[in-house]
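Here are some short exercises to work through with the model open beside you. Try each task yourself before reading its solution.

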Amino acid sequence: MIVQAAVGLSMLGGAVHGAFHRNSFLFGSVLGHLPTRERKVALTFDDGPNPEATPRILDTLREYGVHATFFVLGRHAERWPAIVQRVAGEGHQIGNHGYFHRKLHFKSPFYVKRDLGLGKRAIERAAGRTPRFFRAPHGFRNPWVSAIAESLGERTIGWTLGVWDSDRPGVQAIVDRTVEGARPGSIILLHDGDGYNADGDRTQTAEALPGIIEGLVERGYEFVTLPTR
Ligand SMILES: [Zn+2]
């Protein structure tokens, strides 16, 4: 009885960990770190496109010759398809971030399939390109989220370093947290959009980007994109 209860509890603990930890392998394979020990990092931007921040971020990336990955939200892609087209045209990777930006860990397979399918289609329509990556909103998954992404041909991606840029802590705080927090192989999570407000303000992140790139280059880092496999 006690043993069963303990096993039950630890399984529950495992499930909770799997849902709430974005890089947990419990709910299927997820890439939370680049497969390298060299001073390489990947910049990733979630929740866009955003009419203010995304073009500025793209300008900066072009200026510094850096490629990044954009986890585009389907309903924002439908609103600003030209920006998504620009992301693709300038050689960046595009990942699916779903359509509605609801936390997926308590959602049914039917819901998840629909959300990811709509996100994928919105990207295809806007960019003429099929996304090969998926990132769950807030990283929340359950046993079927990654499997459904996989069935769509999308590799599930987590992240190594988040700097809470979406709380808008100030440009310098975003720069410092990113530059000081990065390690060899870090997948860095930033936000070019707001998952809950299509017009949300992400200009701090856009303004922080030159300082982030310069700070990391100064520390000997090189920018890479995500491995497809
Ligand atoms: Zn998001």
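Keep in mind throughout that this is a predicted model.

**Exercise 1. A loop and its peptide bond**

Task: Find Pro49 and say where it is found. Then decide whether the peptide bond from Gly48 to Pro49 is cis or trans.

Solution: Start with the location: Pro49 sits in the loop that links strand 1 to helix 2. Next, look at omega for the bond from Gly48 to Pro49, which is near 0°, making this bond cis. For background, most peptide bonds are trans.

**Exercise 2. One helix, one buried side**

Task: Work out which residues of helix 2 are buried, and what they pack against.

Solution: First, get the dimensions. Helix 2 covers residues 53-64, twelve in number, and spans 17 Å from its first C-alpha to its last, close to the expected 16 Å. Second, list the buried residues of helix 2: Ala53, Thr54, Ile57, Leu58 and Leu61. Third, consider their directions: they cover an arc of only 130° around the axis, so they lie on the same side of helix 2. A general rule helps here: an α-helix has 3.6 residues a turn, so residues three or four places apart point the same way. Fourth, identify the partners, which are strand 1 (40-46), helix 4 (81-89) and helix 8 (203-218). Finally, step just past the end of helix 2, where Gly65 has a positive phi of about 65°.

**Exercise 3. Two helix pairs**

Task: Are helix 2 and helix 8 roughly parallel or roughly perpendicular to each other? Ask the matching question of helix 4 and helix 5.

Solution: Two packed helices are described by the angle between their axes and the distance between the axes. Take helix 2 and helix 8 to begin with: their axes come within 8 Å and cross at roughly 10°. Angles under 35 degrees count as roughly parallel, so helix 2 and helix 8 are roughly parallel to each other. On the helix 2 side, the contact uses Ala53, Arg56, Ile57, Thr60 and Tyr64, while helix 8 supplies Thr203, Thr205, Ala206, Leu209, Pro210 and Ile213. Sorted by type, the residues of this contact are seven nonpolar, three polar and one charged.

Now turn to helix 4 and helix 5 (residues 109-127), which pack at about 75° with their axes 8 Å apart. The range for roughly perpendicular is 65 to 115 degrees, so helix 4 and helix 5 are roughly perpendicular to each other. Here Pro81, Val84, Gln85, Val87 and Ala88 of helix 4 meet Ile123, Arg125, Ala126 and Ala127 of helix 5. The residues of the contact of helix 4 with helix 5 split into seven nonpolar, one polar and one charged.

**Exercise 4. Positive phi without glycine**

Task: Locate Trp164 and Arg168. Is Trp164 buried or exposed?

Solution: Most residues other than glycine have a negative phi. Trp164, though not a glycine, has a positive phi of about 55°, and Arg168 likewise has a positive phi of about 55°. Trp164 is in the loop between strand 6 (161-162) and helix 7 (171-181), and Arg168 lies in the loop between strand 6 and helix 7. Count neighbours next: Trp164 has 12 C-beta neighbours inside 10 Å and so counts as exposed. Arg168 has 16 and therefore counts as partly exposed.

**Exercise 5. A buried loop residue**

Task: Describe the surroundings of Ala68.

Solution: Ala68 is in the loop between helix 2 and strand 2 (69-72). With 25 C-beta neighbours inside 10 Å, Ala68 counts as buried. Setting aside neighbours within four places in sequence, Ala68 contacts Leu43, Thr44, Phe45, Leu61 and His92. Last, check Thr225: its C-alpha is 5.8 Å from that of Ala68, although 157 residues separate them along the chain.

Key:
Residues numbered from 1 in each chain as written. Predicted model: local features only at pLDDT ≥ 70, side-chain atom pairs only at ≥ 80, totals over all residues. Helix = DSSP H or I, 4+ residues; strand = E, 2+ residues; numbered from the N terminus. Expected span 1.5 Å × (residues − 1). Buried ≥ 20, exposed ≤ 12 C-beta atoms within 10 Å, placed from the backbone. Arc of directions from axis to C-beta. Contact = placed C-beta atoms within 7 Å. Axes fitted to C-alpha atoms, helices over the stretch in contact; angles between N-to-C directions. Parallel < 35°, antiparallel > 145°, perpendicular 65-115°, else oblique. Nonpolar A, V, L, I, M, F, W, Y, C, P; charged D, E, K, R; others polar.
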